[in-house]
Amino acid sequence: IYCPYGTFNKGPILMNRSTRFSISPIPILIIIGIIDFGIFVYGNWLWKDTVQRTTPLLDNIANVKLYVSTGHLWFEELTGGDETVTVKYVFDFLYGAIQKLDDARNGKSNIEGIKGRLVIDRGLLNQLEQMRVLMNEFIDIGKERIEMSDVSGIGSLKDQHFDDVFRKIIAKANVIDKLVHFQISNSLKKMKIMQTIILSLWGIIVLGIGIAISVSNRKRRQAEEALVSEKERLSVILNSIGDGVIATDNKGRAVMLNKVAMELTGWTQEEASGRPLAEVFQIINEKTRKIMEPPVEKVLKTGLAVSLVNDTALIAMDGTERIIANSVAPILDKEGNIIGTVLVFRDVTEKTRLEKERQDMQLKMMQSSKMSSLGEIAAGIAHEINQPLTYINSFVYRLQKKLEDDTINKDVVK
């Protein structure tokens with residue numbers, strides 16, 4: 001900060017830096033992270049929903065196929081004359097298949113830890129309804145074959161119809177399996193897409209963090225380099241000033257001295273740093289010899305620049321006394337807060353001596369001029385007095401010449 005001496009009474013020094021508008025990548029990364037987390041949560045929910053919808057359905061359809069196939073097998077044994085097989089045993093499998101079909105539609109789960117979901121897909125509902133119709137038809141044909149066992153044996157038309165319906169039931173179950181597996185496949189595709197998106201977003205986040213760190217490091221290095229350059233430039237400027245400059249913090253402690261200040265006070269930068277200004281900058285009144293306090297506290301409280309009175313003497317560390325002129329001003333940040341003070345002073349000892357000699361010379365000249373004037377006045381007065389006496393003496397002299405022979409009158413004239 002370059003502040004020539006004598007400018008502090010005009011106002012405080014403002015410490016301000018120009019700012020550049022920039023967008024921080026952190027909010028963008030946070031938004032991407034939130035989106036990524038939302039996709040992750042949705043993916044987990046989608047997979048869980050798929051498992052809850054499809055696993056019990058596939059399990060029940062598999063049981064339907066098992067029960068129907070077993071019932072069909074035992075039904076052939078029954079109609080073939082196997083007396084160990086009863087009608088009730090056969091139809092228990094067929095009715096069990098219907099029960100499993102209803103469980104599949106209603107989303108009932110027989111698997112521990114998995115809750116089924118009610119089937120709401122129209123395609124699956126239509127297939128399940130058609131399968132239910134075929135199951136009812138299969139049971140009705142079975143009952144007819146039991147009632148007409150003499151004409152519905154193996155190879156009969158009823159037997160062929162019975163087998164056709166059985167194959168349709170198995171085919172319908174396979175169609176339902178394919179539809180469910182197709183849904184699972186779609187869910188897996190969505191999961192893969194979401195995983196790709198998640199990984200891409202994570203890559204963007206990592207890349208963004210890397211870029212942000214790189215930019216931050218670059219800006220920090222630039223700021224550090226600019227700060228070092230600014231300090232060097234400031235040091236050169238301050239040391240090139242012909243006046244002493246001392247900067248303090250907002251506690252009135254010395255933080256910086258330029259070369260002239262160090263020469264005048266006798267303190268080095270290292271010795272003075274952190275010390276109260278009154279200790280580094282010791283001043284007295286030259287005439288009264290009273291110790292004076294630097295007006296730092298007043299400046300810190302009021303925020304106004306202050307100049308010290310004349311006849312201020314600075315006592316250096318080695319005891320050298322110098323007459324100085326000085327001023328103290330506040331240092332403000334861009335918000336207007338006082339962050340310190342700056343004291344500028346100069347050695348005016350020689351200037352004061354020359355001024356005193358000039359004043360003494362002027363006084364002597366004035367006295368000499370007065371004496372000359374008095375002499376002229378006295379000469380004028382003497383002239384005015386001597387002028388009439390000259391005429392009188394001339395007249396007396398002439399009278400004496402005329403009366404040289406008249407002794408009596410001559411004595412009278414004398």
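Visitor: At roughly what angle do the axes of helix 2 and helix 3 cross?
Guide: The axes are lines fitted to C-alpha atoms over the stretch in contact, with angles running from 0 to 180 degrees between N-to-C directions. Those of helix 2 (residues 87-106) and helix 3 come within 10 Å, and the angle at which they cross is roughly 170°.

Visitor: Is helix 2 roughly parallel or roughly antiparallel to helix 3?
Guide: Angles under 35 degrees count as roughly parallel, over 145 as roughly antiparallel, 65 to 115 as roughly perpendicular and the rest as oblique. The crossing of helix 2 and helix 3 is at roughly 170°. Helix 2 is therefore, with respect to helix 3, roughly antiparallel.

Visitor: What sort of model is this?
Guide: Residues are numbered from 1 along each chain as its sequence is written, and side-chain values use heavy atoms, without hydrogens and water. Local features need pLDDT of at least 70 and side-chain atom pairs pLDDT 80 or more, while totals for chains, interfaces and linings use all residues, since the model is predicted.

Visitor: How many strands does the protein have?
Guide: Helices (H or I, at least four residues) and strands (E, at least two) are DSSP runs, numbered from the N terminus. The protein has ten helices. Its strands number nine.

Visitor: What share of the residues in the protein is buried?
Guide: Buried means under 20% relative accessible area, exposed over 50%, and partly exposed in between (1.4 Å probe, protein chains only). The protein has 414 residues. The buried ones make up 32%.

Visitor: What share of the contacts in the protein with a separation of 6 or more is between residues 24 or more positions apart?
Guide: A contact means heavy atoms within 4.5 Å. Contacts between residues with a separation of 6 or more form the total here. Of these, residues 24 or more positions apart account for 63%.

Visitor: Which residues in helix 2 meet helix 3?
Guide: On the helix 3 side, the residues taking part include Leu125, Met131, Phe138 and Ile146. On the helix 2 side they are Val87, Phe91, Leu94, Tyr95, Ala97, Ile98, Leu101, Asp102 and Arg105.

Visitor: Which residues does phenylalanine 93 touch, not counting residues up to four places away in sequence?
Guide: Phenylalanine 93 is in helix 2. Its C-alpha atom is separated by 9.2 Å from that of valine 64, which is 29 residues away along the chain. With residues up to four places away in sequence left out, phenylalanine 93 touches Tyr67, Thr70, Gly71 and Trp74.

Visitor: How far apart are the axes of helix 3 and helix 4?
Guide: Helix 3 covers residues 122-147 and helix 4 covers residues 157-240. The two pack at an angle of about 160°, and they are therefore roughly antiparallel to each other. The distance between their axes is 9 Å.

Visitor: How far apart in space are tyrosine 42 and methionine 191, C-alpha to C-alpha?
Guide: Tyrosine 42 is in helix 1 (residues 25-79). Because its relative accessibility is 41%, tyrosine 42 counts as partly exposed. It is 149 residues from methionine 191 in sequence, and the spacing C-alpha to C-alpha is 9.4 Å.

Visitor: Which side chain does a polar contact join to that of threonine 248?
Guide: Threonine 248 is in strand 2 (residues 244-249), and at 4% relative accessibility it counts as buried. Residues it touches, not counting those up to four places away in sequence, include Arg253, Leu277, Val296 and Ile339. A polar contact is a pair of N or O atoms within 3.5 Å, one able to donate a hydrogen and the other to accept it, and residues adjacent in sequence count only if both atoms are side-chain atoms. One such contact, of 2.4 Å, joins the side chain of threonine 248 to that of threonine 341.

Visitor: How far apart in space are valine 342 and valine 245, C-alpha to C-alpha?
Guide: Valine 342 is in strand 9 (residues 338-347). It counts as buried because its relative accessibility is 7%. Valine 245 is 97 residues away in sequence, and the spacing C-alpha to C-alpha is 7.0 Å.

Visitor: Which residue's backbone oxygen lies 3.3 Å from a polar atom of the side chain of serine 327?
Guide: Serine 327 belongs to strand 8 (residues 321-332). At 3% relative accessibility, serine 327 counts as buried. The backbone oxygen 3.3 Å from a polar atom of its side chain is that of valine 306.

Visitor: What is phi of arginine 289 near?
Guide: Arginine 289 is in the loop between strand 4 (282-285) and strand 5 (291-292), and at 44% relative accessibility it counts as partly exposed. Most residues other than glycine have a negative phi. Arginine 289 is a residue other than glycine with a positive phi, near 65°.
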